[in-house]
Amino acid sequence: MTKITVLTGGSNAERDVAIAGAAQVVRALRKSHDDVRVVDTVDGPIAPSDEASYLSSRVDAQPPSLADVTSLASRELGPKLVELPEIAAGDLIFLVLHGNQGEGGDMQALLEEHGIIYTGSGPEGSRLAMDKSAAKSRFESAAIPTADWAMWPVLEDDVAHLGLPLIVKPSKVGSTLGLSVVDSVSQLKNAVDFALSYDDEVMIERFVPGREFTVGVLGDRALAVGEILPTHDIFDYECKYTPGMSEEIFPAAIDEDLARKLRKLALQAHDALELRDFSRVDFRLDEAGIPQCLEANTLPGLTSTSLLPQSAAAQGISFAELCETICALALQRTGSRNKVGTK
């Protein structure tokens, strides 16, 4: 019997998203496993009697306040996590974490240092994907089209080269937190200040105006292409996590040539960033209809409205099967003799 610990929570603005995903993952894994525990990086092990109230599948339209995040950060367990029996003695840690704290490589490095098996990409791939500028540099080196960008502070020449409108966003934050679309130079400073409230590095990127697509990657396979149609101008936090605020079409209603190109580029991006097990890669079409790679997500959302499960479902992979495959990939990669899928 495989002992699985779902590690979730965290002390960043994506905490609610992580917990909502963990709620689904725990339910799915318990269909095949008797020993599934839950650990919060802030509160530690969650008692079975507390799971019903803790594992909320609801994500508010707005993220937690920065004051709440700061308060949570002061209680983070940090390296003490690996001293918990649920972590140290588990056969597999299923990571349902977001933001730089969970996806930036430090958590992965801590677990590897102690020989603990976990799902998803390793420290280096996680760092590369989380740092949007580093990721885009890798995309360019691999001949994967990506929109031009500059890091703040920028010069007037940079703004002139990128053109308006511009995307202003934190460099190492997910869920479009802190992101703004800027239509004039006069708006730039306020947008940068907003992004700086989430991260100490800010990216200025050329706005790509076309249709938005996403592709899940599972193992060495690209899953179904999906098209995202948000009610807002961009696929922001509210549209991502509020049912009815966006339409997600899987598989996307596009010709096979474009679908094949997007799947190929998703695998290339996954490989360029040295990712493993699973990811989700996002694109927009430019004025010429050429896909521009926006970013790759090493621990994509697993909530009821998340895109990776929809990408898998469009190819006949249920949520439970997706979770089991993620577990199996991690155990196979590490040479573990533990098996998943049976009680």
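## Close-up views of a predicted model

**View 1. Helix α6 and the elements around its buried residues.** The buried residues of α6 pack against β1, α4 (85-88), β4, α5 (99-103) and α7, as seen in this predicted model. In helix α6, which spans residues 106-113, the buried positions are Met107, Gln108, Leu110 and Leu111. Viewed down the axis of α6, these buried residues fall within an arc of 160°, and they therefore line one face of the helix. Asp106 and Glu113, on the other side of α6, are exposed. Just after α6, Gly115 adopts a positive phi of about 65°.

**View 2. The open, mixed sheet of four strands.** The strands are arranged in the order β3-β2-β1-β4, forming an open sheet in which the pairing is mixed. The edges are occupied by β3 (44-45) and β4 (92-95), each of which has a single partner strand, so that one side of each is left without a neighbour in the sheet. Strand β1 (residues 4-8) and β4 run parallel and are joined by four bridges, and within this pair Ile4 of β1 stands opposite Leu92 in β4.

**View 3. Two helices lying across strands of the sheet.** Helix α1, made up of residues 15-29, lies across β1, β2 (36-40) and β4, and runs at about 165° to β1. Helix α14, made up of residues 319-333, lies across β1 and β4, and runs at about 130° to β4.

**View 4. The contact of α1 with α14.** The axes of α1 and α14 come within 9 Å and cross at roughly 85°. With angles of 65 to 115 degrees counted as roughly perpendicular, this crossing makes α1 roughly perpendicular to α14. From α1, the residues Gln24, Val25, Ala28 and Leu29 meet Phe319, Ala320, Cys323, Glu324 and Cys327 of α14. By residue class, the contact of α1 with α14 divides into seven nonpolar residues, one polar and one charged.

**View 5. The crossing of α7 and α8.** Helix α7 (residues 123-130) and helix α8 (residues 132-141) have axes that come within 5 Å and cross at roughly 100°, and the two helices are therefore roughly perpendicular to each other. Leu128, Ala129 and Met130 of α7 make the contact together with Lys132, Ala134, Ala135 and Arg138 of α8. The residues of this contact comprise five nonpolar and two charged, with no polar residue among them.

**View 6. Strand β8 and its antiparallel partners β5 and β6.** Five of the five residues of strand β8 (residues 202-206) are buried, so the strand is largely enclosed by the rest of the structure. In a regular strand the side chains alternate between the two faces of the sheet. Here Val202, Ile204 and Arg206 point one way from β8, whereas Met203 and Glu205 point the other way, and all are buried. Strand β5 (residues 149-151) pairs with β8 in the antiparallel sense over three bridges, while strand β6 (residues 166-170) also pairs with β8 in the antiparallel sense, over five bridges. Ile204 in β8 serves as a point of reference for both pairings, since it is found opposite Ala150 and likewise opposite Val168.

Definitions and conventions. Residues are numbered from 1 along each chain as its sequence is written. This is a predicted model: local features need pLDDT of at least 70, side-chain atom pairs count only at pLDDT 80 or more; totals for chains, interfaces and linings use all residues. Side-chain values use heavy atoms; hydrogens and water are left out. Two strands pair if DSSP finds at least two bridges between them. Contact means heavy atoms within 4.5 Å. Axes are lines fitted to C-alpha atoms, for helices over the stretch in contact, and angles run from 0 to 180 degrees between N-to-C directions. Angles under 35 degrees count as roughly parallel, over 145 as roughly antiparallel, 65 to 115 as roughly perpendicular and the rest as oblique. Ala, Val, Leu, Ile, Met, Phe, Trp, Tyr, Cys and Pro count as nonpolar, Asp, Glu, Lys and Arg as charged, and the others, Gly among them, as polar. Buried means under 20% relative accessible area, exposed over 50%, partly exposed in between (1.4 Å probe, protein chains only). The arc is that of the directions from the helix axis to the C-beta atoms.
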